[in-house]
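Me: I should like a close look at one part of this model, with its surroundings described step by step. Please then place that part in the context of the rest of the chain, and say how far the prediction may be read.

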Amino acid sequence: MILRPFYILAPFLFFSMFSCTSKEKAEIRPDENRNVWSLYAVEFARSKDVSVDRLVKGARADHRVDMSWYFWVARGFGKTILIDTGTDAFIHNSATQLRHKWNIHTARSVRASLNILGIQPDEVSDVFITHHHWDHSDGLVHFERANIHIAEVELNSLKKKASKDMLEFIERASLRGALLTSLQNKKAEIPQITVERAGQHTKGHRIVKLRCGGKNMIVAGDAAYLYQNLSARLPITQSKSSSGNVHDLGKMLDWVGSDGEVLPGHDPDVFSRHETVGHGVVKICGPNAGAQ
Ligand SMILES: [Zn+2]
């Protein structure tokens with residue numbers, strides 16, 4: 001493989017993703033007040049030429065794919081919900097090593113990514129964290145007004161490696177009673193969305209199930225990295241138990257059935273399979289997309 005000169009290109013690419021015109025913004029305002037969900041995948045970074053065996057156990061090492069870094073937005077029932085938060089780690093000046101490790105080709109901040117959907121962080125009512133890993137939870141610090149749904153064991157793991165900013169954020173969230181660790185929360189009950197422990201990626205890894213566009217959908221976090229994990233029933237490379245992971249892949253596929261979808265955490269094909277509604281944003285399902 002020829003190494004791409006992305007060190008030279010990176011500053012331009014990173015900058016270019018901030019300077020989006022209004023045309024690149026999605027028009028989703030009407031969705032939030034309807035009593036149905038619309039679900040979006042928001043890509044905050046893209047890696048090039050990642051060896052598949054870093055993601056799929058048993059895959060061929062010489063097969064390389066692009067890899068997406070996502071968070072997910074659900075709007076409806078008067079709420080704006082995030083599933084995972086993304087991270088600003090790739091855009092820090094000091095992130096050269098990290099960008100190199102993952103061959104990051106494009107990246108943008110959590111705020112800039114959300115802005116494509118016209119969403120300000122303070123409008124977010126709830127954040128579901130699938131697990132504590134940095135690429136899924138770092139961005140929490142932007143959401144001072146949201147309820148934070150996270151498993152106790154994942155919260156503890158997050159605290160162990162947390163920055164000062166994150167620890168202070170968690171303290172503030174705790175003081176305002178916004179840290180919700182149980183699977184069912186009377187305080188913040190949300191229609192047609194349920195959370196379940198599954199995936200075996202980390203101790204308390206959760207998936208988010210929702211009814212959207214008349215279909216059963218699952219945001220799988222890192223229970224699956226790629227569609228290939230699901231279609232070939234091959235486990236992710238990092239799990240507590242490979243057989244447990246494969247078992248949960250099957251359970252998820254059963255639940256969504258033939259017309260629903262399990263959305264893997266890092267597959268760029270999420271973009272080719274769904275309607276682009278803004279720069280780096282696709283609409284997965286909703287009242288105006290696909291079958292009702
Ligand atoms: Zn991940």
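**Strand β3 and its setting**

Reply: Ile83 of strand β3 has Phe128 of β5 as its bridge partner. This pair belongs to a predicted model, and it offers a convenient point from which to describe β3. The strand comprises residues 79-83, and 3 bridges link it to β5 (residues 126-128), the two running parallel.

β3 also pairs with β2. Strand β2 covers residues 64-76, and 5 bridges connect it to β3 in an antiparallel arrangement. Within β3, Thr80 is the residue that stands opposite Arg75. The hairpin formed by β2 and β3 leaves 2 residues between the strands, and Phe77 in this hairpin adopts a positive phi near 50°.

The burial of β3 follows from its individual residues. Lys79, Ile81 and Ile83 point one way from the strand, while Thr80 and Leu82 point the other way. Residues of both groups are buried. Mostly covered is thus the description that fits the strand, with 5 of its 5 residues buried.

For the wider setting, the chain contains 9 helices and 13 strands. Of its 292 residues, 49% count as buried. When contacts between residues at least 6 apart in sequence are considered, 68% of them join residues at least 24 apart.

Elsewhere in the chain, four strands form an open sheet in the order β8-β9-β10-β11, with mixed pairing. The edge positions belong to β8 (193-197) and β11 (261-263); each has a single partner strand, so one side of each lacks a neighbour in the sheet. Disregarding direction, neighbouring strands here are turned against each other by 20° on average. At one edge, β8 is joined by 5 bridges to β9 (residues 206-212), and these two strands run antiparallel. Thr194 has Lys209 in β9 as its bridge partner. Helix α8 (residues 242-256) lies across β9, β10 (215-219) and β11, and runs at about 150° to β10.

Two further helices deserve comment. In α5 (residues 152-160), the residues Glu154, Leu155 and Leu158 are buried. These residues occupy an arc of only 100° around the axis, which places them on the same side of α5. An α-helix has 3.6 residues a turn, so residues three or four places apart point the same way. Glu152 and Lys160, on the other side of α5, are exposed. The elements that cover the buried residues of α5 include α4 (134-137) and β7 (179-180).

Helix α6 (residues 164-175) permits a check on its length. Its 12 residues, at 1.5 Å a residue, should span 16 Å, and the end C-alpha atoms are 17 Å apart, which agrees. After α6 comes Gly177, with a positive phi near 70°.

As to confidence, the chain has an average pLDDT of 88, and 86% of its residues score at least 70. Residues 1-23 remain under a pLDDT of 50, and for them the model has 16 contacts beyond four places in sequence. Where pLDDT is low, predicted coordinates should not be read in detail.

To return to the part requested: β3 is joined antiparallel to β2 and parallel to β5, and its residues are buried whichever way they point.

Methods. Residues are numbered from 1 along each chain as its sequence is written. This is a predicted model: local features need pLDDT of at least 70, side-chain atom pairs count only at pLDDT 80 or more; totals for chains, interfaces and linings use all residues. A residue is buried if 20 or more other C-beta atoms lie within 10 Å of its own, exposed if 12 or fewer, and partly exposed in between; C-beta atoms are placed from the backbone. Two strands pair if DSSP finds at least two bridges between them. Axes are lines fitted to C-alpha atoms, for helices over the stretch in contact, and angles run from 0 to 180 degrees between N-to-C directions. Two residues are in contact if their C-beta atoms, placed from the backbone, lie within 7 Å. The arc is that of the directions from the helix axis to the C-beta atoms. pLDDT is the predictor's confidence in each residue, from 0 to 100. The expected span of a helix is 1.5 Å times one less than its number of residues.
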